[in-house]
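Colleague: Got a minute? I'd like to go through this model with you.

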Amino acid sequence: MAELGSKGVTAGKIASNVQKKLTRAQEKVLQKLGKADETKDEQFEQCVQNFNKQLTEGTRLQKDLRTYLASVKAMHEASKKLTECLQEVYEPDWPGREETNKIAENNDLLWMDYHQKLVDQALLTMDTYLGQFPDIKSRIAKRGRKLVDYDSARHHYESLQTAKKKDETKIAKAEEELIKAQKVFEEMNVDLQEELPSLWNSRVGFYVNTFQSIAGLEENFHKEMSKLNQNLNDVLVSLEKQHGSNTFTVKAQPRKKTKLFSRLRRKKSSDNAPTKGDKSPSPPPDGSPAGTPEIKVNHEPEPASLDTPGAAIPKSPSQSSLPAVVVETFPATVNGTVEGSAPSKRSDLPPGFLFKVQAQHDYTATDSDELQLKAGDVVLVIPFENPEEQDEGWLMGVKESDWHQHKELEKCRGVFPENFTEKVQ
């Protein structure tokens, strides 16, 4: 009997809920059609808009924080593999072997500590902050349903009162349902009217605490990591001193050496072309006078490199010492547009200027279309006239000093190895 009673109560409750949904649906339709007035609360609606905005911002912050943590973990793994590689290549008889192992161990511990503190002080706080939103969102939705119930009960009571044939029993029952619906709605409404503004104002303190924690943890992490890096640098300096004769020299990537200035070369006298095996004298030391060199152009399809016997190495004379050369100029095009057809935004920069780089190492040109660089030289990078002529690892440019002096690309532009420079602008 108890079971049947339980089933009966459940069935009755389901029927009641279905009836409520139908009544609410009818009420909403009447309100949309303008046949029934709707209770409005602009202040509460503003609170709901703020709540939705706050939830969206918090959800995005949580997502980005998780992405940040994933990146920290990935960096930890990459750093760990890099230090493991260093340990493997660091030979046992080299000085600083034990220090290197200790640095690698501390590096791993530092990354682990940083990640865990970010989880504890930022992510968990973020999860707690967002954990209160689902309940409040559910209560806002329930308040909306109770408001519809209240409006429906109010309209039903008013219709019975204005009916031609009044039924006092029905009116009394409708009034009782109205009072009950109003009480339920107002209780929920009062609670939310207090909670929503308080939640909205709490976002400021939460954002401040969260980002202060992240900033503080990151600052401390980088300080400790900087100490480890300095210790590693000291170990490597010690290793370099012991094996100073085996210094690694930065080299440029090999070039196909496309004839970038073929038009210019065709105009030069064939008498100036060196025969295979000729050698140009080495450049004079800094500060020594440079004589007027003989300009030699290599017409071989693949010019010899510095390592090839008999390679021609041009000097770096001043511009005034160069012999006069007749040059037939052609308008340069970039992406189908003729250079010089439109004025540059800045007259002190060459047409098509991309960015600036500064030479970090000296580079001795091995062909007439290359720039001779000294450490500290600033080069203005420009596009290749024909992108197909660009070799991997090489850029086209003009030294800033030459450009300010001559303002003519044909006289001073050339290619240079990118890995000898560093971008500065």
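Colleague: Which residue caps the N-terminal end of H5?

Modeller: Asp167 does. One of its side-chain oxygens lies 3.1 Å from the backbone nitrogen of Thr169. Keep in mind that this is a predicted model.

Colleague: What span should the 75 residues of H5 have?

Modeller: H5 covers residues 168-242. At 1.5 Å a residue, the helix should span 111 Å. The C-alpha atoms at its ends are 109 Å apart, so the two values agree.

Colleague: And where does H5 bend?

Modeller: At Arg203, by about 30°.

Colleague: What about H3, where is its kink centred?

Modeller: On Val119, and the kink is about 35°. H3 has 35 residues, 97-131. Its expected span is 51 Å at 1.5 Å a residue, and its end C-alpha atoms are 50 Å apart, which agrees.

Colleague: Switching to the sheet. In what order do the strands come?

Modeller: The order is E6-E5-E4-E3-E7. These 5 strands form an open sheet with antiparallel pairing.

Colleague: Which strands stand at the edges?

Modeller: E6 (413-417) and E7 (421-423). Each has a single partner strand, so one side of each is left without a neighbour in the sheet. From one strand to the next, the twist averages 45°.

Colleague: How many bridges join E4 to E5?

Modeller: There are 4, between residues 378-382 of E4 and residues 394-399 of E5. Val381 stands opposite Gly397 in E5.

Colleague: Last topic, confidence. What is the mean pLDDT of the chain?

Modeller: It is 78, with 71% of residues at 70 or more.

Colleague: Where does pLDDT stay under 50?

Modeller: Residues 259-345 are one such stretch, with 97 contacts beyond four places in sequence. Residues 1-6 also stay under 50, with 0 such contacts.

Technical notes
Residues numbered from 1 in each chain as written. Predicted model: local features only at pLDDT ≥ 70, side-chain atom pairs only at ≥ 80, totals over all residues. Heavy atoms only, no water. Helix = DSSP H or I, 4+ residues; strand = E, 2+ residues; numbered from the N terminus. Expected span 1.5 Å × (residues − 1). Bend = angle between axes of the 7 residues up to and from the residue. Polar contact = N/O pair within 3.5 Å; in protein donor to acceptor, adjacent residues only side chain to side chain. Pairing = 2+ DSSP bridges. Axes fitted to C-alpha atoms, helices over the stretch in contact; angles between N-to-C directions. pLDDT = per-residue confidence, 0-100. Contact = heavy atoms within 4.5 Å.
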